[in-house]
Amino acid sequence: MIRGGGRTVQIGGVSLPQAGTTAAFVTGTGVVLVDTKLPGWGQPLIDKLKEVTDKPVTMIINTHTHMDHVGGNVEFPATVEVVTHENTAMLMKEMRPVSGGPTQPNLFKEHNGRGLPTRTFKDRLTVGSGTDRIDLYYFGRAHTGGDAWVVFPELRVLHAGDAFGGKAVPPLDANNGASGVEYPQTIAKAVATLTDIDTVITGHYQTTLTMTDLKTYGDFTGELVQSVQAAKKAGRTIDDFVKTWTIPDRYLKEGYASMEHLRPMRPDVEVIWNETK
Ligand SMILES: [Zn+2]
């Protein structure tokens, strides 16, 4: 899928729902990739890019520490700059198991540090200038404790990574710093700050979405958190909550769906439950 007058290419989506969405931004000096999918995806990404540009990949931005977003990093030359949030840089050194999900092989250790971040940021970072400018933001904890929000101002495009993975219960990787309780506030900050975006690339959804969709996701997440907290305060149990909770009608109409077959929601409910005093 070619976007922005041939200046970006989005690879993945429908055909590769299990691998994170990769965005490619062709600048005057080289290609900037946002996320590199699973291990083994480096070369296929390079091959695909050759269809749109002769320029080499010069920078990788990873939105967070999960294997399906950083796995291809090790297949690029060591000269490629790798940019992440400072917490993600720390987490990528460890590749901790995902809460409620799989263990992650320490791919970077196996490759003598190849593909690890070489440049980090805390709250905000701008790389490039003019039409090549990219703005990175950190708005707080969400899917992990180091989710980067990547903006291409010239194209009015945002890559939200798994902080907005799709229209479903947010996977909360507490082992890598996620917070269910803070998640809605993090999204609210993104929505309030990023006012010049037309197109939102998500971590896994089949199509691009909009900032209105992101705002709705924030509402959905906020309602889920409130429901879990109300259940805990009412003396119910996590299992009872998971058994009886259903996606509210308003969100079903928006295309929200249960992902129980891919990832049961119980561990995510438990994260919110444990954060609720
Ligand atoms: Zn993820």
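**Cores, a buried glycine and an aromatic cluster**

Y256 is tucked away in this predicted model: with a relative accessible area of 4%, Y256 falls under the 20% cut-off and therefore counts as buried. Its ring partner F220 is buried too, at 2% relative accessibility. The structure holds 10 aromatic pairs. In the one formed by F220 and Y256, the ring centres sit 4.6 Å apart and the planes meet at 40 degrees, so the pair is tilted. F220 belongs to helix α6, while Y256 is in the loop between α8 (249-252) and α9, so this pair ties together parts that are 36 residues apart in sequence. The two rings also have company: F220, F241, W245, Y251 and Y256 make up one aromatic cluster.

Two of those cluster members, F241 and W245, turn up again in the largest nonpolar core. This core has 39 residues, and the ones with the most contacts inside it are W149, L158, L194, L214, L224, F241 and W245. At least two residues each come from β10 (149-152), α5 (183-193), α6 (211-233), α7 (238-244) and α9 (266-275). Helix α6 puts in the largest share, with eight residues. As a rule, nonpolar side chains in soluble globular proteins tend to be buried together.

What does L194 touch, leaving aside its neighbours within four places in sequence? The list runs to Y137, F139, V151, L158 and M211. L158 is, like L194, among the residues with the most contacts inside the big core. There is also a second, separate core of 18 residues, with M59, F121, I134 and V150 among its members.

Helix α5 is worth a closer look. Its buried residues are Y183, P184, T186, I187 and A190. They share one side of α5, because they cover an arc of only 160 degrees around the axis. The general background is simple: an α-helix has 3.6 residues a turn, so residues three or four places apart point the same way. As for what lies over the buried residues of α5, the cover includes β10 and α6. Both of these elements, like α5 itself, supply at least two residues of the largest core.

On the way into α5 comes G161, which is found in the loop between β11 (157-159) and that helix. Is G161 buried or exposed? At 0% relative accessibility, G161 counts as buried. Not counting residues up to four places away in sequence, G161 touches T63, I201, T202 and G203. With G203 the approach can be given as a distance: the two C-alpha atoms are separated by 4.2 Å, although the residues are 42 apart along the chain.

Stepping back to the whole protein chain, the secondary structure comes to nine helices and 12 strands. Along its principal axes, the C-alpha trace spans about 60 × 40 × 35 Å. The radius of gyration is 18 Å, which agrees with the value near 19 Å for a compact globule with 277 residues. Buried residues account for 53% of the 277. Of the contacts with a separation of 6 or more, 67% are between residues 24 or more positions apart. On the outside, the protein chain exposes about 11,900 Å², and 53% of that area is supplied by carbon and sulfur atoms.

Key. Residues numbered from 1 in each chain as written. Predicted model: local features only at pLDDT ≥ 70, side-chain atom pairs only at ≥ 80, totals over all residues. Heavy atoms only, no water. Core = buried A, V, L, I, M, F, W, Y, C linked by side-chain atoms within 4.5 Å. Buried < 20%, exposed > 50% of the residue type's maximum accessible area, 1.4 Å probe, protein only. Helix = DSSP H or I, 4+ residues; strand = E, 2+ residues; numbered from the N terminus. Contact = heavy atoms within 4.5 Å. Arc of directions from axis to C-beta. Rg over C-alpha atoms; globule rule 2.2 N^0.38 Å. Areas by Shrake-Rupley, 256 points an atom, 1.4 Å probe, with all protein chains shown as cover. Phe/Tyr/Trp six-rings, centres within 6.5 Å; stacked < 30°, edge-to-face > 60°.
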